[in-house]
Amino acid sequence: MQLADQTLLRTEAFIGGRWCPAADNGETEVVNAASRDPIGRVPNMGPADAERAINAAATAFPQWKRIVAYERSVILRRWCDLVRESADDLAQMITAEGGKPLPESRAEVAYAAGFLEWFAEEARRAYGDVIPPHQADKRLLVVRQPIGVAAAITPWNFPAAMIARKAAAALAAGCTMLVKPAPQTPLTALALAALAERAGLPAGVLNVVTTDASTSPEIGKLICESSLVRALSFTGSTTVGKLLAAQAAATVKKVSLELGGNAPFIVFADADLEAAVEGAIAAKFRNAGQTCICANRFYVQQPLADAFARLLAERVSGLKVGAGDTDGVAIGPLIDERGLAKVERHVADAQACGGTILLGGHRHALGGTFFEPTVIAGATSGMQIAHEETFGPLAAVFPFTDEPEVIALANATEYGLASYFYSRDLSRAFRMAEALDYGMVGINTGMLSTPTAPFGGVKASGIGREGGREGMSEYQELKYICLGIDE
Ligand code: NAP
């Protein structure tokens, strides 16, 4: 990788303010998601290294907590500025490791910087409360204090934004943190740490422990069972989230989980069809369909379903597939063979259950982990895609007849992260927004994420919120102070 600032390309992990190898000198290879060529090596750390990172964060905590919020804010803001200045380099890394098209990687860097900026500002607004007393000789106060050492375990699909979303909130609150990035995308994580160091973050406040997939479970368990770690923030699959929550129970730590989704995208007959198709493409095909808020089930009111599916297929056929750093590419590779196999399984199942493939349906001629953007009409509730997150470039269109029916269909899932609907009826907009059992609802838009709003899910999609006014409270404890006074 040729970066403008080659010093951002780190091959060591970051613990206690030092760049270091694994205790046993083990390494793991990072590959280009499109070509599968090696692009770097990082330490393959084990439990002893994770323990060191926890201790470094614990050592740094008392001092970081005492630094006034104003100064923490200044450092976070500086970090944000440096991330923005390095946007092109970071975007190149994200595309190389994760495969998303360069314009999307640039948008991710902007999104990540947005969290650093937002929480730099929020750091100064960690207000408490003064409560009217229940007795004349008492004064009641509530203050917010940092919870302590926090740990973040993050996925590959937003390698910069998921770290920024957690670290900015934790550091703003006065917590210190260790991050375990996904093994596919450690270079972006390490580049972010290099920029944090450059911004003047004291040693030990942010630590990055890189691993390969074989050591993740052991390190996850160690983090969960450590009594020094007081908060765990995880973004990833529901299966792993449940496991980590169970492991964390023994030390009763604060757990925040951003897990999988199965987003419905509902188009009513009164919707603007063109706008709905445009929104559908944004909500489905970003990052080749590998986002947790990706639309997974397209419910379209009759008699529009066929017209919608045809128009969607026509528009999607114009999306260019290829390596993310090629001009004009809109769909990159999938992250791995397992991801590819899941999309294939969903296509085969939909076909076997009577669905009609209007576009795609196969591995792409480019080979590797590329899959053709796919549109399937005539989807039904019995299909796997109705119940499982595909996490790939596959849009399945389910026809429906009326509002009560589609509310029941949309809510018939264990997940509850993002949901979307298109309608021009204002009363329906309120009815639907209130009836959808989801943490987030997009109305007449396929793009809803922003650092300024609370992001998160209900049911098996998670616990807690990130971003917004709420994000910092995941890393704070409320302390109630009751003062007896002489009258
Ligand atoms: P994943 O398998 O759960 O992995 C996520 C992270 O957890 C990776 O760093 C992974 O490292 C690590 N991990 C896996 N098993 C672990 C264990 N036993 N202990 C500790 N760490 C462990 O998820 P993924 O397939 O990479 O990501 C896709 C999923 O994330 C989708 O379900 C998506 O919806 C969800 N997601 C949710 C959000 C949200 O905000 N709600 C955002 C993005 C993605 P290894 O790979 O080394 O195992």
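Colleague: Which residue has a side-chain N or O atom 2.5 Å from an oxygen atom of the ligand?

Modeller: That is glutamate 389. A polar contact is a pair of N or O atoms within 3.5 Å; within protein, one must be able to donate a hydrogen and the other to accept it, and residues adjacent in sequence count only if both atoms are side-chain atoms. Backbone N or O atoms also face oxygen atoms of the ligand: one of threonine 154 at 2.8 Å and one of glycine 236 at 3.3 Å. Keep in mind that this is a predicted model, where local features need pLDDT of at least 70 and side-chain atom pairs count only at pLDDT 80 or more, while totals for chains, interfaces and linings use all residues. Residues are numbered from 1 along each chain as its sequence is written, and side-chain values use heavy atoms, leaving out hydrogens and water.

Colleague: How much of the ligand does the protein bury?

Modeller: Accessible areas come from the Shrake-Rupley method with a 1.4 Å probe; for residues, only the protein chains shown count as cover. Here the ligand alone exposes 900 Å², and the protein buries 90% of that.

Colleague: How many residues surround the ligand, and which elements give two or more residues to the shell?

Modeller: A residue is near a molecule if one of its heavy atoms lies within 4 Å of it. There are 30 around the ligand, the closest being Thr154, Trp156, Ser216, Ser237 and Glu389. Helices (H or I, at least four residues) and strands (E, at least two) are DSSP runs, numbered from the N terminus. Those giving two or more residues are helix H7 (216-225), strand S10 (229-235) and helix H8 (238-248).

Colleague: What about the whole chain: why is it called as compact as a globular protein of that length?

Modeller: Its secondary structure comes to 13 helices and 22 strands. The radius of gyration, taken over C-alpha atoms, is compared with a globule rule of 2.2 Å times the number of residues to the power 0.38. For this chain the radius is 23 Å, close to the 23 Å that the rule gives for 487 residues, so the chain is as compact as a globular protein of that length.

Colleague: Which residues does a cis peptide bond join?

Modeller: Glutamine 302 and proline 303, with omega about 10°. Proline 303 is in the loop between strand S13 (295-301) and helix H10 (305-316).
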